Amino acid sequence: FSSYRAAGRWRQGAIWLDDVVASKGSGAQLYARGSLGLAPDGDKDGLGGTVNLEAHTSKMALSDLGALGQPEAGGRGWGSGGEAPGNHNSVVSSDVGLRLHVGGRFYRPELKGRLDLGGTQLYGQAIGASQINFATTSLTPDGPKDRVRIDGTVAGGTIKPLLTLHLLSTSSLPFGGEIALTKHNLKPYFMGFNPRLAKDPDVKASLAGVVKLAGDLMDPAQSVIGVVADSLAFQRGKHRLFNRDPLVASFGPGATYDLTKIHLVGDDEETDFTIKGFRKGEVTQVSGAGQLDLAFAELATNAFARVEGVLDVKEFHVNGDAYGTDYGGTASIVGGTFKTRFFPIGPEDLTADVELKDREIKIRNMRGKLGGGTFDAPDSSVTLGSEPGCAVKEWNLGPFNLSDVNMKFPSYAFAGRVTGPMRFSGAGCSKKTMPELRGNLVLEEAKYSGPIEWKASTVAFKAS
């Protein structure tokens, strides 16, 4: 806060605050009034003096709340509620309204209040209003009010928390409870890694289930989180992904994972993929098998403009211990179609054998159709990234042996039919390096449809 104003007086053994105002340069203000009294009966119970305060905010936004208003590394920060929709330099923006009453004793306060969040946006997309209530309660009618109950609705009512925080001491603050989700919209979260997918009107994603929490705020590392997802659903056009059975997982010390079954549905076929595993201490074991609808590959990377087909996973595993983690698996691609943002045409009816080992994907025996012709590639590789936001670190695709492939480059007004070897490579996590295309192609039936400014051109002939 940039300025303060207060008016108080001493009366009848208490400090009375009649007018306390704290203001920020943005116009946000915090108002408070009340009293702080002496401890009754000489403070024999050691709970300190009496407290009777009430406060509320005005014109406040998330950006006014100290650290929440500081930008994140990488340019993303927490914006104010007044920012225009679509300003994705702000992860979360919202107007904030707080009403709070504090009573009881200094070392055992009794709280009651409400937090209202309006105009809330996540990556510039509206997620609905929130109202969170909190109040101190007691375990028994005559017992001390030594716990805080938190409930309400978040994100337009799709999230409903019911939590309890125990006020035992300054060194231990145990908490527990659950958070219920009802068809909670997941699309706004896609803006963090794939904005184009988040803006696609044909894409729908939702989550329904219960998250159970237990732990201590003073020692978060020992907390346990249990998740039961009754419905995890993604849809893009006719392609659907959902779990047939409840998805169950727990996280915490010696966390265990039990993903019972994820059921995927394509256009005219059903595909099942099952993944299970556990983690105990420093040992991790996860395995999976089944068929994956490749239409959802864009959930992992924004490099594709269109993907179809089935990834038939014969075996997939992640085995880890204190000395490292081993990734591996084998699969085959059936009927694949891949259109990327980097190349005007993409393969169709693609088949290939795939092997994953230590973050490197080997692609062998690749063949399919391309631009009205055919192609085959004996060996290709893709290296996966290990940093957040870097799904693919590097790719080396080919050499492709092309046969009668019609290539079009609209930006150069050029088209032609080519035959011969070609290689495609690039660094997926580098913004400074462009993808590279190399080849030794025989060009036939070439066409150039762009305008030629003959007057501005000079043709020189030199005798040999």
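This is a short chat about the backbone and surface of a predicted model.

Visitor: How many helices and strands are there in the protein?
Guide: In this predicted model, the protein has two helices and 30 strands.

Visitor: And what share of the residues is buried?
Guide: Of the 464 residues in the protein, 33% are buried. The protein exposes about 27,000 Å², and carbon and sulfur atoms supply 56% of that area.

Visitor: Changing topic, where is there a cis peptide bond?
Guide: The cis bond joins Gly 398 and Pro 399, with an omega of about 15 degrees, and Pro 399 lies in strand 27, which covers residues 392-409.

Visitor: Why mention that bond at all?
Guide: Because most peptide bonds are trans.

Visitor: What about Asp 404, which sits in strand 27 too; what is its phi?
Guide: Phi of Asp 404 is near 55 degrees, which is a positive value in a residue other than glycine. Most residues other than glycine have a negative phi.

Visitor: Is Asp 404 buried, exposed or partly exposed?
Guide: Asp 404 has a relative accessible area of 36%, and that value falls between the 20% and 50% cut-offs, so Asp 404 counts as partly exposed.

Visitor: Where does Tyr 123 lie?
Guide: Tyr 123 lies in the loop between strand 8 (108-122) and strand 9 (125-126), and although Tyr 123 is not a glycine, its phi is positive, at about 50 degrees.

Visitor: So is Tyr 123 buried or exposed?
Guide: Tyr 123 counts as buried because its relative accessibility is 14%, and buried means under 20%.

Methods
Residues numbered from 1 in each chain as written. Predicted model: local features only at pLDDT ≥ 70, side-chain atom pairs only at ≥ 80, totals over all residues. Heavy atoms only, no water. Helix = DSSP H or I, 4+ residues; strand = E, 2+ residues; numbered from the N terminus. Buried < 20%, exposed > 50% of the residue type's maximum accessible area, 1.4 Å probe, protein only. Areas by Shrake-Rupley, 256 points an atom, 1.4 Å probe, with all protein chains shown as cover.
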